Amino acid sequence: MSSPPQEAPPGAPVGRLLAIALLLAGVILFISQGWYRQLDLAALQASRAQLVAWRQAAPLATAAGYLLVYVLVTALSLPGATVLTLAGGAVFGLLQGTVLVSLGSTLGATAACLLARTLLREPVRRRFGHRLGPIEAGVRRDGAAYLLSLRLVPVVPFFLVNLLMGLTPMPLLPFAFVSQLGMLPATLVYVNAGTQLAQLTSLTGLVSPGLLGSFALLGLLPWIVKLLLARWRLWRLYRPWNRPRHFDRNLIVIGAGAAGLVTAYIGATVRAKVTLVERHRMGGDCLNTGCVPSKALISSARLAARLRHADRYGLSPLEPRVDLRRVLERVRQKVAAITPHDSVERYTALGVDVRLGQARLLSPWEVAITAADGTETVLSARAIVLATGAAPGIPAVPGITSVRVLTSETLWDALAEHHSPRPSLLVLGGGPIGCELAQALAQLGLSVTLLQRNARLLPREDPEVGVLVREVLERDGVLVHTGCQVERVGPAAAGGVQVHAKVGGAAVCIEADELLCAVGRQARLEGFGLEELGIPTGRTIDTSPHLQTLYPNIYAAGDAAGPWQFTHTAAHQAWYAAVNGLFDPLRFAVDGRVIPRTTFTDPEVARAGLSEAEAIEQGVAFEVTRFALAELDRAIVESAETGFVKVLTVPGKDRILGVTIVAEQAGEMLAEFVLAMQWNLGLGKVMGAIHTYPTLAEANKYAAGAWKKAHAPQRTLALLDRFHTWRRGG
């Protein structure tokens, strides 16, 4: 079923269409009445004496009338602006004509820009949506230089410049100022030519190739100045540091998590000399305490839940005998099985120089590596990549330092060594990590309470997703409190931890054996010399679209760079960090158009692109198409009917803006949509692809089919109905 498209406020499209209709009517009238003939060279030459006489008789009125006509012609992008510019010189002379033309062209161009912005920008934004983001960011950054260059080169039609800039977020005052400055050289040329009107035979002879070349050089001037300023800033930035004459390495990578490993791998593959420095464990958080152990735990928990609900499969329900220590031993075994993939031995064999120790920046090119025995080695490199990762955050709650606080890093050893075989757990945070671990541990038989400050779980997803996830967590035994304000934490009288909070305005006191904080992750920024070099940081390291820090030869990737904190985005950024660092000045901006994400609850929640809530917040028009898994054969036979596929598309078109899937294997199902969105394939292509029956991936095809059905051409179908009736002899 397809939902109605989100629309602008009532009356806005009608007003816009009316204004466009009036403008078109004016243009048609201008052409049909032949007024454009008054704005050619011959007409100007014939009427020059009369125009001069008017100026002499009423100089102010003639100047005001001329200015008004000039503004109207340029504001409506009508033909004849060149002849009007010549008229300025022919009638008013070089000085006054230049002033009038400069003022008129600026006012008209600004009015044309404002008209384009008012009438066209919203439809364009609805059509192209978030694809305009990089363009708008570029205009905010370099819009003045672009505009000045275009104005200085008269071969680019000025009316087209006005239209295009109207579709961007460039403010009107800077637009007007830069336009007046950029159009002034051409104005002087044309007004001066107008003073010699009697000698002109053609408009094409006004600008010689040499003059055009001069304008082109002027057009390059903003970029030359910008380049020189950038070089000067770099000189000032690097001046306090002594640049080595020779470098020990092509690349030094700090951190051996997902971003660091992939960066080093790429560097070694292209035969660069690479050093990889890790102060703790190879593989980083993902291998040792994050993705790998949590998914191993979840797989055991899923089986326990299936046994507990075996009646859904025609079997007798069975309460599983869970030995948590054995489950955690299996988790350790799975981590150990994957560890060789990220080991020192493997990367050394690939040609990477792996160093274990603490890395610290000494200069933009030098890194000091302190080994466990205290020895220090200093290496230099042309490029450095900071892949220092992130660590779980601990909220600033009164009393929290008085109890043991577990995180996704320390949970594993603490549970394995706990005196109770099934300790009760209190989880702070209802984001992906909190929901995943709370549900998995509850499925394994632990008593779990989850406290969420937000009004719903998974607040970055659509509200219906948070509601569904809460239902499945509570089904598995998790006690969920949303809208919960934790006031203080302290040790419980009988041991463990005690949390005092307000839930819905009511004071509650909750006790548990252990407290697990899952309230987000913070980039690891301390101890790497960032402060000494003055590299700006916030929650993460500040980087350019090319992942460059303050120093262009120092890059950051992965959780330390943000804005995403996923293993797959860390690996994605690593390619850009490696290539940009090794092949500078050849650089690529990170492609972040389609970022998939999966929360591994049961069922899973997977998304790529915009959610419905984000589209509404950003003012992006969309349609919603849904397909419920309860209608899918494979989901029915698997007793996995909980969930849906929801697709956001451009109104009236099959171009995908975003996809949310809730299903047992939502992360696997999402891959097809990620591919389609990355390569601009619409729902029609998804529907046209053959999907194996019966599979969960068929839900993608049926969602596309639901969109197609909602957009079926009703008139064509009515004609076909009549055609087939005729074929039957009716």
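This is a short walk through some helices of the structure above and a few residues in and around them. The model is predicted, so local features need pLDDT of at least 70 and side-chain atom pairs count only at pLDDT 80 or more, while totals for chains, interfaces and linings use all residues. Residues are numbered from 1 along each chain as its sequence is written, and side-chain values use heavy atoms, with hydrogens and water left out.

Let us start with helix H18, residues 567–583; helices (H or I, at least four residues) and strands (E, at least two) are DSSP runs, numbered from the N terminus. The 17 residues of H18 should span 24 Å at 1.5 Å a residue, and its end C-alpha atoms are indeed 24 Å apart. The expected span here is 1.5 Å times one less than the number of residues. Among the buried residues of H18 are Ala570, Gln573, Ala574, Ala577 and Ala578, where buried means under 20% relative accessible area, exposed over 50% and partly exposed in between (1.4 Å probe, protein chains only). An α-helix has 3.6 residues a turn, so residues three or four places apart point the same way.

What do the buried residues of H18 pack against? Their partners are strand E1 (249–254), helix H9 (258–269), strand E6 (376–386) and E17, with contact meaning heavy atoms within 4.5 Å.

The pairing with H9 is worth following on screen. The axes of H9 and H18 come within 8 Å and cross at roughly 40°; axes are lines fitted to C-alpha atoms, for helices over the stretch in contact, and angles run from 0 to 180 degrees between N-to-C directions. H9 and H18 are therefore oblique to each other, given that angles under 35 degrees count as roughly parallel, over 145 as roughly antiparallel, 65 to 115 as roughly perpendicular and the rest as oblique. Their crossing is right-handed: a crossing is left-handed if the near helix is turned anticlockwise from the far one by less than a right angle, and right-handed if clockwise. On the H9 side, the residues include Ala259, Val262 and Ile266, which meet a set in H18 that includes Ala570, Ala574 and Leu582. The contact of H9 with H18 divides into 11 nonpolar, 3 polar and no charged residues. In this scheme Ala, Val, Leu, Ile, Met, Phe, Trp, Tyr, Cys and Pro count as nonpolar, Asp, Glu, Lys and Arg as charged, and the others, Gly among them, as polar.

Just ahead of this helix, Gly558 sits in the loop between strand E17 (554–556) and H18. Gly558 is buried, with a relative accessible area of 2%. Leaving aside residues up to four places away in sequence, Gly558 touches Ala259, Trp564, Ala570 and Gln573.

A second helix pair is H11 (residues 291–308) and H12 (residues 324–338), whose axes come within 9 Å and cross at roughly 135°. That angle makes H11 oblique to H12, and the crossing is right-handed. Val292, Pro293 and Ala296 are among the H11 residues in the contact, and Val327, Leu328 and Arg330 among those of H12. By class, this contact has 9 nonpolar, 2 polar and 2 charged residues.

Two more stops remain. Helix H15 is mostly covered, with 10 of its 12 residues buried, and Glu436 is one of them. After H15 comes Gly445, whose phi is positive, near 100°. Finally, Ser102 lies in helix H4 (residues 81–128) and counts as buried at 9% relative accessibility.
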